Each structure stands twice: as structure tokens, then as C-alpha cells.
Amino acid sequence: MKSIYLRSFVAIAALVAVCFLIVALSFVGIGRQYVIEEYRKTMERSAEEIAHTAAAVFNSESLDSWILRMNVSSVANASGNLIFVTDESGKVLCCSDKDPVCEHIGLVIPGNILELTEKGQLGMRSDLGGVFKNQRYVQASLILSPKGETVGYVFVSNPSGNMLGAWSTFLTIAAVIAVVVFCVALGVTMIYTRHMARPLDEMAAASRKFARGDFSVRVKQTEDPTDEMGALIESFNKMADSLEQAEKRRSEFIANISHELRTPMTTISGFADGILDGTIPADQQEKYLRSIRDETRRLSRLVREMLSVSQARAKAANPATRSNFDLTELMLQTLLSFESRATKKNLDVDPQLPDDHLMVHADKDAITQVIYNLLDNAVKFSEKGSCLVVRLYKDNGKAYVSVKDKGETIPPEDLPFIFDRFHKSDRSRSLDKDGVGLGLYLVKTIINSHDEDIAVKSENGETEFVFTLPLST
């Protein structure tokens, strides 16, 4: 299986190659035409310049004078072109050729070429009717007398190879530079794609370790956490943290439930054996049978609460069980069931409820269980004579329920685990010492099944539980 690194590298390299090819073809086509056009303009200017000079010379001397030839040679040397001047019949009178005896002197340009020159249409590849041995690029210009009559012609030529010689050299240099740039681009692409693929490789390796039960590995964060890859790495590491915590909680759960089950079962087994083998006297058997009964009931309560958690989670997660109901009315009904217990502890209950109905959409029975558990917890751990505050309010499209009591502060180290299964501490609010540590876990399970949140805050002797519910639409 090909790696994402290789696929990304090949894709980017192919894209770079195609872009370079398009640019190169455009550059060659446009650049070649540009060079030819520039040469043509240079030759045209040279022809016009010689034509003006020849017209001036024609007023005092003939077109084969040394003065004109010196001017022709000077312009030819400067431009690198071959220039010659003819009379009105096309006979070559003056040439820039450096040979002492120029082979072009005396040759006659064909009439069809002269006609094109008259029309201003000569700008072509031609051998001028045999004047040149090979095809050359030719530009021509008329030599006009002061009266406007044609008295001669100027022909400027250059081999096509010379015209494109500089272009070929430039093209070679450009090709070398393009190859170097292309190689650098491929190198940068290789490094970049490898850099981008490295976190994915690390995640794949980490996932394989997760499958073997090792949740300690993390992906090194080298990316900007605000970009996609950095956010992915951060999310992956958070997932790894959650998996590690879940594994720890699973281990703790197994240990806790083993302990919860082992203790009463050991007691029941021991007392039963003692009765059967006669170790426990007959007059004390009733006492130990009561202990067996109590431990059996505790086992039954443990199993029942575990089943309640499972059933509550499944029921609360089912949207079909949810309906619109008045949360204010439900809170008042639940508070009434705690009236005798609150009076017994001399608690002052302060219900801060809205004047109008606060309608929510949720599983009414499940939310009743949540409120009951929180109020039971608050009454149980409140100081005698203190105030218990129950508050309902709306904010940001959510209904909020707050239960606050005054009692012993929950230690900060217990707060992160207070909603965990079987988490019990002498000072925590999970359940009383006769419980099994599932009360607040059930509360959180129900609230989370509604896609809502619950939080706890405890400081300066005041403990507050707050959870949210969706308002009815």
C-alpha cells in the first residue's frame, strides 16, 4: 500500500512538472517570436537609416561613393547585418561586405522583389533571386530623391541562425535555470510532504499501540495548533488522554466492583459456613442470619442500582421518551417530598423559581431522578440550620437548574472524580457511606444522554451543582 507521503509527493511533483511545462512552452513560443520581432525592427531601422543617408549622398554623388559605403559598413558592423544599396533598376552598387572584391557588386535584384519593396511588403525569408546562396531574412527600404522619386533600394539581411543564436544561448541558460528550480521545487516538496505526513505516521503508530492496550504514547505537537494539522494532533492527543483515563477508570471500576461484591459475599459465605459446621452456637445464629440478610440486601441494592444506571442511560438516550413539561412545577413537587427531612435538620429551603412557567424538552422521569438525587445529596450533607438554595433560570437558550447547600467543602482533588462510578470519599458527595457510589454517576449519565452538561463547584463551605436542559420549542 502506498503511503500518503508518496501519493502527495507524486501529485505535487506532477503538478509542478505540468506547470513548468506550460510556462516553458509559452516562454519558448512567445520569447522566440519576440526575439525575431526585435531583430526585424532593428533591421528595418537600419534600412531606413541607410536609405536617408543614401538619399542625402545622392544629391551630390552617386550611390556607389565611398562615403555611402563607409556609412553602410558602420551601420552593418553595429547591427551585425549585411547591407547593400542598389540603383533604381536593382543593380547592387554598394555593399557592407568586408571582402576587397565583393561578390554582390553588380548583381541585379529581380523585379518581383523590387515590386514588393515598392509596396512596402518586403520582410521575409528569401535568397533575393540567387543573390544569396541560402535563405536569409531580408528587410528593404526605398531611397527617394527630393522629388519623391525612387532612385535606389536598401536591402538589410541576416541569416536566420544569427537571429536566433542569442535566443538559443538564452534558451539554454533558461533551461538550465528551470531544471535547477524544478529540482529545488521537488526537494522542497519532498521535505514538505514528509513533514506533513510525519504526524499521520505517528498517529498510525500510536493507534497500533492503543490496539495493544498501551495508551501512554502521544504525538509530538510541532505544528501550529490553529491550523488543521495542529488541531488534528491536539484532538488526537486529547483522545489519547481520554482513552487513558477511561482505561484507568475501567480498571478502577473492576477493582471497585470486585471489592463491593467480594466483601458481602465473603461475609455471607463465612457466616453460612459457621452456622452449617456448628462453629456459631445455636443461640447466636439468629444474629448472624440477620447479618447475612443485610449483606444480601446490600448485594441486591448494588445490582439494582447498576441496572438502574444502564436502564436510565438507555431510556434517556431515546428521543421518543422526551416531552415538553413545566420544570418549575416538577421542582416544586420534588421539593415537597423533602419537606419532612428538611424540617428534621432545621434547613431553610430557598426556592428561587421564575414567576412564569419554565418549559423544557426532556425525559420527565429521568430529570425527576436527577433532581431527586441532587436534593437528596444536598439535604444529606447540609449543616443543620443552614440554607439550601434551589434556583431555576434561563440563559442563552438553555434552562439552568442550580442546587446549592452549605456544609463541608469537597476537597479539590475529589472534584474531578465526583461523577465517576463507585467513587466514594468520606468527604465527597457521591453518596452516603451506605451507598455504592452510583448516585452522581447516574445524574451525569442522564444529563449527558440529553446532550447537556452538569458541573459542580465547592468552596468556602458552599457546594453548588448546576446542570442545563433544552428549552421546549
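This passage describes two helical residues and an internal cavity in a predicted model.

Ser46 is located in helix 1, which spans residues 4-58. The relative accessibility of Ser46 is 6%, and because buried residues are those under 20% relative accessible area, Ser46 is classed as buried. When neighbours within four places in sequence are set aside, the contacts of Ser46 are with Val75, Ser79, Asn81 and Val156.

Met190 belongs to helix 4, formed by residues 160-211. In contrast to the buried Ser46, Met190 is partly exposed, its relative accessible area being 36%. This assignment follows because the value for Met190 falls between the limits of 20% for buried and 50% for exposed residues. In sequence, Met190 is separated from Ala13 by 177 residues, yet the C-alpha atoms of Met190 and Ala13 are 8.6 Å apart in space. Ala13 itself falls within the range of residues 4-58 that makes up helix 1.

With respect to internal voids, one cavity of 30 Å³ or more is present in the structure. The volume of the largest cavity is about 40 Å³. Its lining comprises Leu335, Phe338, Ala342, Val349, Leu375, Val379 and Leu388. Classified by residue type, this lining contains seven nonpolar residues, with no polar and no charged residues.

How values were computed: Residues numbered from 1 in each chain as written. Predicted model: local features only at pLDDT ≥ 70, side-chain atom pairs only at ≥ 80, totals over all residues. Heavy atoms only, no water. Helix = DSSP H or I, 4+ residues; strand = E, 2+ residues; numbered from the N terminus. Buried < 20%, exposed > 50% of the residue type's maximum accessible area, 1.4 Å probe, protein only. Contact = heavy atoms within 4.5 Å. 1 Å grid on protein atoms, 1.4 Å probe; cavity = no way out; pocket = protein on both sides within 12 Å on 5 of 7 lines; lining within 4 Å. Points joined across faces, edges and corners; volume = space filled by probe spheres on them. Nonpolar A, V, L, I, M, F, W, Y, C, P; charged D, E, K, R; others polar.
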